[in-house]
Amino acid sequence: MTKPANPTILAQDIMQTDVITVAPTDSLQETMTILTENHVTGLPVIDSKSRCVGVVTAGDILNFEQEHAEFAQEANSDMARHFDPERQRWESVRVSAFALEEFAEVPVSEVMTRELISVGPTATATEVAQLMLDKDIHRVLVLDANQRLFGIIVAFDFVGLWADFKSRT
């Protein structure tokens, strides 16, 4: 008896299509609220022409605050720990109440990562997984040739894919 062929799983088969996004002009305060309320660590940044122009993460915002705080050693500064999923480790950052207020209105465009790591919708799941390993990242954007967002694939999507595979075998 011959074994049935394994169909190729594509990015469009596993991507999340209900993606929460922010605009380059949105403030860091608005963005942190969206991240927190939706229990996500990163958001695609979409411009007025519906093109993806970057990604902003909670780590980007915390690092920006730490790098730009004028009074990082002041009395109202505390250390906060956050898990950086890109680096797979916990990091300590100095959080100043003064700096959080000062930078609340900074636009996302000043903090976001502009280098987009993406695939097209017909990339294979294997290619996506290899890209995530090679780049040491936990999310890949699914974009068309005009930088329009089709969806996003996060590492957790591969957990679901594996669980589905195991339930069928």
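Which residue follows α5 and has a positive phi, near 55°? The tour below leads to that residue and then to other stops in this predicted model.

**The whole chain**

Begin with the entire chain displayed as a cartoon. Its secondary structure amounts to 6 helices and 7 strands. Followed along the sequence, these elements come in the order α-α-β-β-α-β-β-α-β-α-β-β-α. The chain has 169 residues, of which 38% are buried. Consider next the contacts between residues with a separation of 6 or more: 57% of them join residues 24 or more positions apart.

**Helix α5 and the residue after it**

Select residues 125-135, which form α5. Which residues of this helix are buried? They are Ala125, Val128, Leu131 and Met132. Look down the axis of α5: the buried residues lie within an arc of 125°, and so they line one face of the helix. A general rule helps in reading this view. An α-helix has 3.6 residues a turn, so residues three or four places apart point the same way.

Now turn α5 to see the face directed away from its buried side. Thr126, Leu133 and Asp134 are the exposed residues there. Return to the buried side and display the surroundings. The elements covering the buried residues of α5 include α1 (11-14), β5 (118-119), β6, β7 and α6.

Move on to Asp136, the residue that answers the opening question: it follows α5, and its phi is positive, near 55°. Asp136 is not a glycine. The value deserves attention, for most residues other than glycine have a negative phi. Asp136 belongs to the loop that runs between α5 and β6 (139-143). With a relative accessible area of 46%, Asp136 is partly exposed.

**Gln147, in the loop after β6**

Select Gln147, which is in the loop between β6 and β7 (149-154). What is phi at this residue? It is near 70°, again a positive value in a residue other than glycine. Gln147 has a relative accessibility of 31% and therefore counts as partly exposed.

**Gly160 in helix α6**

Select residues 155-168, the helix α6, and find Gly160 within it. Gly160 counts as partly exposed, because its relative accessibility is 40%. Add Ile14 to the selection and display the distance between the two C-alpha atoms. Gly160 and Ile14 are 146 residues apart along the chain, while their C-alpha atoms are separated by 9.0 Å.

**Helix α2**

Select residues 28-38, helix α2. Are Leu28, Thr31 and Leu35 buried or exposed? These three are the buried residues of α2. Viewed down the helix axis, they fall within an arc of 60°, so they line one face of α2. On the other side of the helix, Thr36 and Glu37 are exposed.

Display what lies against the buried side. The buried residues of α2 pack against β1 (42-46), β2 (52-57) and α3. Before leaving the helix, select His39, which follows α2 and has a positive phi, near 55°.

**The packing of α2 and α3**

Keep α2 selected and add residues 58-68, helix α3. Two packed helices are described by the angle between their axes and the distance between the axes. For α2 and α3, the angle is about 140° and the axes are 10 Å apart. The two helices are therefore oblique to each other. The crossing of α2 with α3 is left-handed.

Which residues of the two helices meet? Show the side chains of Leu28, Thr31, Met32 and Leu35 in α2, together with those of Ala58, Ile61 and Phe64 in α3, since these are the residues in contact. Sorted by class, this contact has 6 nonpolar residues, 1 polar residue and no charged residues.

**Thr57 in strand β2**

The last stop is Thr57, a residue of strand β2. Thr57 is buried, its relative accessible area being 11%. Which residues does Thr57 touch, leaving aside those up to four places away in sequence? They are Leu35, Thr41, Gly42 and Arg139. Leu35 has already appeared among the buried residues of α2. Thr57 and Leu35 are 22 residues apart along the chain, and their C-alpha atoms are separated by 8.3 Å.

Terms used: Residues are numbered from 1 along each chain as its sequence is written. This is a predicted model: local features need pLDDT of at least 70, side-chain atom pairs count only at pLDDT 80 or more; totals for chains, interfaces and linings use all residues. Side-chain values use heavy atoms; hydrogens and water are left out. Helices (H or I, at least four residues) and strands (E, at least two) are DSSP runs, numbered from the N terminus. Buried means under 20% relative accessible area, exposed over 50%, partly exposed in between (1.4 Å probe, protein chains only). Axes are lines fitted to C-alpha atoms, for helices over the stretch in contact, and angles run from 0 to 180 degrees between N-to-C directions. Angles under 35 degrees count as roughly parallel, over 145 as roughly antiparallel, 65 to 115 as roughly perpendicular and the rest as oblique. A crossing is left-handed if the near helix is turned anticlockwise from the far one by less than a right angle, and right-handed if clockwise. Contact means heavy atoms within 4.5 Å. Ala, Val, Leu, Ile, Met, Phe, Trp, Tyr, Cys and Pro count as nonpolar, Asp, Glu, Lys and Arg as charged, and the others, Gly among them, as polar. The arc is that of the directions from the helix axis to the C-beta atoms.
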